[in-house]
Amino acid sequence: MIKFLLNQKMCQVSDLSPNTTVLNFLRQEEAKKGTKEGCASGDCGACTVVLGDVVDGRIRYTSVNACITFISALHGKQLITVEDLKSKDGALHQVQQALVDFNGTQCGYCTPGFVMSMFALSKNTPSADKHAIFEALAGNLCRCTGYRSIIDSAIALAEQDHIVDAFECLESETVAKLSTIERSGTQELTGNGQSSYSPDNVAELAALLVKHPDARIVAGGTDLALEVTQFHRPINTLISVGNVAEMKDIRVTDTHIEIGAARSLTDSYSTLALYFPDFGELLHRFASLQVRNQGTLGGNIGNASPIGDTPPALIALNAQVELRCGDDVRLMDLEDYFIGYKITAQKAAEFITKIVIPLPTSEQVFGIYKLSKRIDDDISAVLAAFNITLKNNVITDVRLAFGGMAATPMRAQHAEKVLLGAAWEYGSIYTAMQALDKDFSPLSDFRASKEYRSLAAKNLLKKFYLEQQNTTIETRVTSYV
């Protein structure tokens, strides 16, 4: 059984397929049709809703894609939809009124999603600048209006004084209601012959996986849910890690960073950006804010996609994953985790508990480069991550990792061999660029041809070198956005 608030109404669900998405729950069970389905893959944002959760006694609001969020993710939270924004006397919410005032809608199909993204932005960043506005709206697509009027609406909203609405007035009441929902123990949901389990600690998670070794682990579900929504393949048993507090911790020691596998990408951002600024820049371009609010570092690794954004960066940083099966725990270099297309070294009933990343040194130079057809909310054609250590202009350590170039994210070992011990100069880089042909034989697909990928990989290595020679020259497209 799961319990949550639908705006201010307490909902209790005990007999419903755990494959049900929040979108289908709203439309089919609650007859709330304001939330739209556009893509059923978390790309268009028409289904955006907002979840409220209690953090330090206050409600924290996050935008998510209802089309790829399983119903079990709602336990203990408040679900807010576009219908909930209008006040009881019929007056529009300030966000809705801003869109009206600036003619920010045309056909209207995408409008509820934009409204909810702007609502979350107004709660989390009341005086948002353009960068924050662009980031908040990047996961919402519009085919009619052209964005200018929508952005103008968001800018006008950010320029208003503090917005007081019903959600702020009812915050204490909302916190009190959510506090009555039992969160300890394992929450279960069964229906249509399918089951889901949401344990609250890592030991119980391990025990459940031993009992159900064929179960699918779900963290944010931003990739796994596509099996249901896109491929129409039911999942009989789901085990969620979303309530396991130990797997949401971030710890920084004298030597490394530990990030729990269930920590969202949004909540991992500040730590990663502090120690590795380019990693922070990468996360700005990782899917959309809605996806980052749910997606996790552990999930991005565990789905073993050859075009996942974070694995090449983590491999270049010499990261490790901690794996657990029952009571057995082992640490593995991330580069050894991937052994084939969508195949990993993870055993049955084993799961990732955390990611361990060595802290950078003063002699380390690190860069990440993502090539995609769009700046925001797009999948990489090629992703390159370079990590070198320089002493007296000599390369004493080097790790070059790529995504999109092979069946797995992997290192360019021939190119690394050329650079190790070589002088940090263009001649060495040029030789390493040619050695990349020995490391990779990429495929052609709808994202890029093999010729493009091969040339791009070489040019990204050259770009990395040139950027270090003159750090005052802007060389990245994102610098001009």
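The following exchange goes through some features of this predicted model and the definitions behind their names.

Me: What kind of model is this, and how are its residues numbered?
Reply: It is a predicted model, in which local features need pLDDT of at least 70 and side-chain atom pairs count only at pLDDT 80 or more, whereas totals for chains, interfaces and linings use all residues. Residues are numbered from 1 along each chain as its sequence is written, and side-chain values use heavy atoms, with hydrogens and water left out.

Me: What makes S3 and S5 paired strands?
Reply: Strands (E, at least two residues) and helices (H or I, at least four) are DSSP runs, numbered from the N terminus, and two strands pair if DSSP finds at least two bridges between them. Strand S3 (residues 48–55) and strand S5 (residues 78–80) are joined by three bridges in the antiparallel sense, so they satisfy the definition of a pair. In this pairing, Leu51 stands opposite Leu79 in S5.

Me: Why are S2 and S4 said to stand at the edges?
Reply: Five strands form an open sheet with mixed pairing, in the order S2-S1-S5-S3-S4. Strand S2 (9–13) and strand S4 (58–65) each have a single partner strand, so one side of each has no neighbour in the sheet. Neighbouring strands here are turned against each other by 30 degrees on average, direction ignored, where the axes are lines fitted to C-alpha atoms, for helices over the stretch in contact, and angles run from 0 to 180 degrees between N-to-C directions.

Me: How do you know that helix H3 packs on this sheet?
Reply: Contact means heavy atoms within 4.5 Å, and helix H3 (residues 111–124) touches S3, S4 and S5, while its direction makes about 25 degrees with that of S3.

Me: What makes the other sheet open, and which strands are at its edges?
Reply: Four strands, in the order S6-S7-S9-S8 and with mixed pairing, form an open sheet. Strand S6 (187–191) and strand S8 (216–218) have a single partner each, so one side of each is left without a neighbour. From one strand to the next the twist averages 20 degrees. S6 and strand S7 (residues 194–198) run antiparallel and are joined by five bridges, and Leu189 stands opposite Ser196 in S7.

Me: Why is the contact between Glu258 and Arg251 called a salt bridge?
Reply: A salt bridge is a side-chain nitrogen of Lys or Arg within 4 Å of a carboxyl oxygen of Asp or Glu. For Glu258 and Arg251 the N to O distance is 3.0 Å, so the pair meets the definition. These two residues are also linked with Glu322 and Lys354 in a network of salt bridges, and the structure holds 22 salt bridges.

Me: Why is Glu258 called buried, while Arg251 is called partly exposed?
Reply: Buried means under 20% relative accessible area, exposed means over 50%, and partly exposed lies in between (1.4 Å probe, protein chains only). Glu258 has 11% relative accessibility and therefore counts as buried, whereas Arg251, with 46%, is partly exposed.

Me: How do Asp445 and Arg453 fit these definitions?
Reply: Their side chains meet in a salt bridge with an N to O distance of 3.2 Å. Asp445 is partly exposed because its relative accessible area is 38%, but Arg453 is buried because its value is 2%.

Me: What is unusual about the phi of Asn103 and Asp377?
Reply: Most residues other than glycine have a negative phi. Asn103 has a positive phi of about 50 degrees although it is not a glycine, and Asp377 also has a positive phi of about 50 degrees without being a glycine. Asn103 lies in the loop between helix H2 (94–101) and H3, and with a relative accessible area of 59% it is exposed. Asp377 is found in the loop between strand S17 (364–371) and strand S18 (382–391), and at 5% relative accessibility Asp377 counts as buried.

Me: Why is Ser288 called buried, and which residues does Ser288 touch?
Reply: Ser288, in the loop between helix H11 (277–284) and helix H12 (289–294), has a relative accessible area of 1% and is therefore buried. Leaving out residues up to four places away in sequence, Ser288 touches Gly42, Asn65, Gly139 and Asp377.
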